[in-house]
Every structure is written in C-alpha cells, then in structure tokens.
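Here are my notebook entries from an afternoon with this model. I kept them short, so do follow along in the viewer.

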Amino acid sequence: MQMMKKNFIALLVILLTSTIVHAELVDNNDGTVTDTYNGLMWELKTDDGGDQDKDNAYTWQAALSYCENLSLADHTDWRLPDREELRSIVDYTKSYPSIDKDFFANTQTNGIYWSSTTFVFAENDNAWGIVFTIGKDKRDCDKLVSYYVRAVRTIIPDLTQDGVLGLDDAIIALKVLTGIDTTGKIPDNFPATGMDIGADEQIGLEEVVFILRYIAGL
Ligand SMILES: [Ca+2]
Ligand SMILES: [Ca+2]
Ligand SMILES: [Ca+2]
C-alpha cells in the first residue's frame, strides 16, 4: 500500500512537472535566491564593505554565529548550510568560481566556504568546506582558520501549519490552484510565512510539486 502510494505520488510529480518550466534558481530581488527544486533560500553576498560583504572571512564558530544572527529579507531563521546543501549550489561546469554567477554574483573566485558539517576522522577539530575555485569538497578545514560564508534557510510550504509536510498540504495547494474555496484554510499572511516557493507570492504548481516531491522522497 505504501509502495503504491509512493508510485502514485511519483507519477503525479512527473505529470505536474512536465507542465511547468523546470525553474531552479529564482532571484527574489531582496538579496536572496531560492532554489525551487529543494526549497533552499540562499543569502546573496554584497561587495559594499558591510556585514554581508563577500570578502568577510570567519572561523567556523564565527560563521555559525554570523548565520544565526543574520536578519535578511524579513527572515531570521538563517543557518550555516551543511555539506550536502552547500554542494547543491556548486556548478560543476564552471570554475573560478564554480557557481552560477548570474545568480551568485559576489562569490570568491578563489576561496573556501564553510559548511556546518564536522569532519569526524580528524585529529584536529576540522569541518567540511567547499573550494569554490573548482567546486571541490575539502574535509580538513581547521575550524580556527577563517573562510567564507553563505547563509541558507529552508522554505517549507506547510500550509496547514501542523509542523508536518504531508498530502493535506498538497491538497490545499491543489484546491487553491483549481479555485476551490479555501477560506480560513491557508495562513492569512502567506507568503510572509516564508512558505512561498518561487517567490511569486502565490500558491501555485511549484508548491504542489515541491510538496509531492518531498513526500515521495524524490
Ligand atoms: Ca568587499
Ligand atoms: Ca501540513
Ligand atoms: Ca509560489
């Protein structure tokens, strides 16, 4: 039964995805970029000498604090990305830096960015980083050395606000899409809740696809 449900959801995702442009990165025009595939919102760095300047480097602990204290685009739930999350913005077809500069303009050409993931087999206290020069993982980044940082936060379209992303959320999103009355069923302050995928300020196919993909583990 569980298998059938998963297959059904997978089929639904394929059908829905085929009807929309497969948008990945969306510039939110507020100093952030959203990856509509995995729901991660990324900090865009500046080059103005301020707190978010791309040239600011931090020890690992200071990088964690920087992200946790960041208030950007009305959001305060920023954090240091883990290794897999950081990898998701590496563009392996590019180098110096290995990232899509159309979206991430202020990126170090030659530099290591911190992940939150500790490297467990190290004698010293090290964490994983990514060398954005060529997009290579680096496991032995000494936590006391200063490297670069880019904060991330997660967008979860939990429309029913019960703390779980489930089929109920997908159904609400589909109801909105098809014009069925959902008065009182979605948060009044959407999209300010940070649930909006695609930064189009509405519930659309991108939310439905995201939720179904999440449930199906695709
Ligand atoms: Ca600078
Ligand atoms: Ca929910
Ligand atoms: Ca949306």
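**Entry 1: domains**

Into which domains is the protein divided? I looked this up before anything else and found domain 1, made of 2-23 + 157-216, and domain 2, covering 40-153. I then took the centres over C-alpha atoms, and 30 Å separate those of domain 1 and domain 2.

**Entry 2: confidence**

I reminded myself that this is a predicted model, and checked the pLDDT next. The mean for the protein is 88, with 93% of the residues at 70 or more. Where is confidence lowest, and where is it highest? Helix H1 has the lowest mean, 73, while H2 has the highest, 98. A note to myself: coordinates predicted with low pLDDT should not be read in detail.

**Entry 3: the four-stranded sheet**

I traced an open sheet of four strands, and its order is E1-E2-E3-E7 with antiparallel pairing. Which strands stand at the edges? They are E1 (25-27) and E7 (152-154); each has a single partner strand, so one side of each lacks a neighbour in the sheet. From one strand to the next, I get an average twist of 25°.

I went through the pairs in turn. E1 and E2 (residues 32-35) are antiparallel over three bridges. Within this pair I found Val 26 opposite Thr 34 in E2, and Asp 27 has Val 33 of E2 as its bridge partner. The two strands make a hairpin with four residues between them, and Asn 29 in the turn shows a positive phi of about 55°.

On the other side of E2, the pairing with E3 is antiparallel over four bridges, and there Thr 32 sits opposite Glu 43 of E3. E2 and E3 form a hairpin too, with four residues between the strands; Gly 39 takes a positive phi near 75°.

Which way do the residues of E2 point, and are they buried or exposed? Thr 32 and Thr 34 point one way, Val 33 and Asp 35 point the other way, and all are buried.

**Entry 4: the three-stranded sheet**

I moved on to another open sheet, with three strands in the order E4-E5-E6 and antiparallel pairing. E4 and E6 (136-142) are the edge strands, each pairing on one side only. Here the twist averages 35° from one strand to the next. I counted five bridges in the antiparallel pairing of E4 and E5, and noted Tyr 113 opposite Ile 130 in E5.

**Entry 5: the largest nonpolar core**

Which residues touch the most other members of the largest nonpolar core? Of its 45 residues, I listed Tyr 113, Trp 114, Val 149, Ala 173, Val 208, Ile 211 and Leu 212. Among the elements that each supply at least two residues of this core are helices H1 (2-17), H2 (60-69), H4 (167-177) and H5 (205-216). Strands E3 (40-43), E4 (112-119) and E5 (126-131) do so as well. Why does the core lie between the domains? Domain 1 and domain 2 both give residues to it, so it lies between them.

To finish, I zoomed in on one member, Ala 173. Leaving out residues up to four places away in sequence, Ala 173 touches Leu 159, Ile 203, Glu 207, Val 208 and Ile 211. Val 208 and Ile 211 I had already listed with Ala 173 among the core residues that touch the most other members.

How values were computed:
Residues are numbered from 1 along each chain as its sequence is written. Chains are lettered from A and ligands numbered from 1 in the order in which they are written. This is a predicted model: local features need pLDDT of at least 70, side-chain atom pairs count only at pLDDT 80 or more; totals for chains, interfaces and linings use all residues. A nonpolar core is a set of buried Ala, Val, Leu, Ile, Met, Phe, Trp, Tyr and Cys residues joined through C-beta atoms within 7 Å. A residue is buried if 20 or more other C-beta atoms lie within 10 Å of its own, exposed if 12 or fewer, and partly exposed in between; C-beta atoms are placed from the backbone. Domain bounds come from an automatic or database domain assignment. Two residues are in contact if their C-beta atoms, placed from the backbone, lie within 7 Å. pLDDT is the predictor's confidence in each residue, from 0 to 100. Two strands pair if DSSP finds at least two bridges between them. Axes are lines fitted to C-alpha atoms, for helices over the stretch in contact, and angles run from 0 to 180 degrees between N-to-C directions.
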